[in-house]
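Trainee: I've got a model open and I'd like to learn how to read it. Can we go through it together?

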Amino acid sequence: MDYKALAQTLFPHIDKTPDYWEEKYPPRNLKEGARVTRFAPSPTGFLHFGNLFTCLVSYRTAKDTDGVFYVRVEDTDQKRKVDGAIEVMLKGLSVYGIVPDEGVIAEGTESGDYAPYYQSARKEIYQTYAKSLVEQGLAYPCFMTPEELDEIRAAQENESIKGIWGKWAKHRDLSFDEICARIERGEAWTLRLKSPGDMEKKCYFDDMIKGKIEMPENVQDVVILKSDGIPTYHFAHAIDDHLMRTTHVVRGDEWISSAPIHLQLFRVLGFKPPKYAHVAPIMKEENGGKRKLSKRKDPEAAVTYYAEEGFPSESVNEYMLTLANSNFEDWRRMNQTEPVEKFPFNLKKMSVSGALFDMVKLTDVSKNVICKMNAEKVFDLSYAWAKEYCPALAALYEKDTARATAILNIDRENKKPRKDIAKWSDIPDYISYMYDETFEPCYELTGNATPALAVKVLEQYIDCVNLDDDKDTWFSRMKELCPAVGCTPNVKEYKQNPDAFDGHVGDVSTIIRVALTGRTNTPDLYSITALLGAETVKTRLTNALTHYKEEF
């Protein structure tokens, strides 16, 4: 077989050689140890939480080594393309601080020396390498029809190895003349790899997460160019990862089964393969077992869910790192004020079997993140969220932004800030009692606070409350009215002799708290009273007094 003549027959339009592309895309000038990683989405759908998680791992792998993280769009399947999908994905990543150093930086916009980063624009590059493989006798045209392939699939139903190999590789050894005759007859062909694999041999690779993996060598003559000249994923990714000088490929572990094909392609193309890090899927508990986080079953599978619910990006990033590295939580306890970028992320500390998604854990992480934010940041982030997802909250804020910020600052900037807010969608209920429009009275009492005691307390308090008091004076007034209503200002004294009193100062404050907020548990009551204003305070105390009189 004259392989050079065959290559020229199949690719008469290709006048470049692999050396041309090797020179055009030289090795990167990076410091030793710097890693080059990528996010390579297909423009076919929305950003899944698993994609975001894997992307964060890839991003940190590059950034923590002063390397490069780029985005390459694998859009060779134009039939499945969804307009705007890449823009949605890139915006989704940017929310979580994942911004590419190069590649596709916006829909239709590229930046970097290794362009084009859209696979659909790299057809000439792939065909150059395909022509080279034909010249070396490492690839051949296959003229099998869809019907013939269906017959082979049916015949292989009980075979352990499926695909085109061995006796099923009918066109592997066609003569040059027969190939030319078929082409002249207009028969469609695909280009297949002439696999050098041996079914008795194994391939090995050290996975950065899972350790050493051993698998049978690939013996299939896989398609590397489809009949329209567009490469398959296997072929395109090998060439792109080489020419874009990718050092580490972080991807889902569903790709492990394809690793023998990919490693074989790197070898026959003469490329050094990248290091692989196969990330186990995010799991979820269900009925005592575990399953993969599902786009169909789980709303939290979509990255848009977190924006809609109002989880700050910082919270989601912190939570993802708890899933990614088992030592993150210990590091966070020792470094409470450090940004997550300081955490020494390590691929080797990732779970081999898959991290478990836990909404309770995410909520706890988010409460810790939000409680450390100052009021201005909480206001700015929640206001931005409200303008898109909760116009009613935005309208409340806009009535008086300074007052709204002050409300959010109650019990915030101190040594032990409260942890009431896990996400911005918690805020409408959390602050509802601070606005007359959203306040819903509830007069249920706890402890020693009874309707009868409430009547006595409120009759006294209405006359003595003074919003000009400082906090100490305010609390002193509350303690001073205790004897007049049969209570003690000293909780310890009440515990020592409970039969001598109707309650203590805590019960008095509970009655006032319920009257003003409709709740038994709120942030600092003094601050709430001051921000409600004299008119609202008097109205609510009066209404509560009326209620308890009727109940009593």
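Trainee: Let's start with charge. How many positive and negative side chains does the protein have, and how far apart do the centres of the two sets lie?

Mentor: Keep in mind that this is a predicted model. For charge, count each set and then compare where the sets are centred. Here there are 72 positive and 86 negative side chains, with 4 Å between the two centres.

Trainee: And the overall fold? How many helices and strands are there?

Mentor: The protein has 23 helices and 15 strands. Its radius of gyration is 34 Å, well over the 24 Å from the globule rule for 552 residues, so the protein is more spread out than a compact globule. You can see that in the C-alpha trace, which spans about 110 × 45 × 45 Å along its principal axes.

Trainee: What share of the residues is buried?

Mentor: Buried residues account for 50% of the 552. As for the surface, the protein exposes about 26700 Å², and 48% of that comes from carbon and sulfur atoms. Contacts are worth a look too: of those with a separation of 6 or more, 74% join residues 24 or more positions apart.

Trainee: Now the backbone. Which peptide bond is cis, with omega near 0°?

Mentor: Check omega for that one. The bond from alanine 115 to proline 116 is cis, and proline 116 sits in the loop between strand S4 (109-111) and helix H5 (123-135).

Trainee: What about phi? Where is arginine 245, and is it buried or exposed?

Mentor: With phi, look for positive values in residues other than glycine. Arginine 245 has one, about 60°, and lies in the loop between helix H8 (233-243) and strand S10 (248-252). Its relative accessibility is 16%, under the 20% cut-off, so arginine 245 counts as buried.

Mentor: Aspartate 411 also has a positive phi, near 60°. You'll find aspartate 411 in the loop between helix H16 (401-408) and helix H17 (427-430). At 25% relative accessibility, aspartate 411 counts as partly exposed.

Trainee: Let's finish with a residue in a helix. Which residues does alanine 386 touch, leaving out those up to four places away in sequence?

Mentor: Alanine 386 touches Pro391, Leu393 and Ala394. Alanine 386 belongs to helix H14 (residues 375-389) and is buried, with a relative accessible area of 0%. To get a sense of distance, try alanine 5: its C-alpha atom is 67 Å from that of alanine 386, and the two residues are 381 apart along the chain.

Terms used. Residues are numbered from 1 along each chain as its sequence is written. This is a predicted model: local features need pLDDT of at least 70, side-chain atom pairs count only at pLDDT 80 or more; totals for chains, interfaces and linings use all residues. Side-chain values use heavy atoms; hydrogens and water are left out. Helices (H or I, at least four residues) and strands (E, at least two) are DSSP runs, numbered from the N terminus. The radius of gyration is taken over C-alpha atoms; the globule rule is 2.2 Å times the number of residues to the power 0.38. Buried means under 20% relative accessible area, exposed over 50%, partly exposed in between (1.4 Å probe, protein chains only). Contact means heavy atoms within 4.5 Å. Accessible areas come from the Shrake-Rupley method with a 1.4 Å probe; for residues, only the protein chains shown count as cover. Lys and Arg count as positive and Asp and Glu as negative; His and the chain ends are not counted. The place of a charge is taken as NZ of Lys, CZ of Arg, CG of Asp or CD of Glu.
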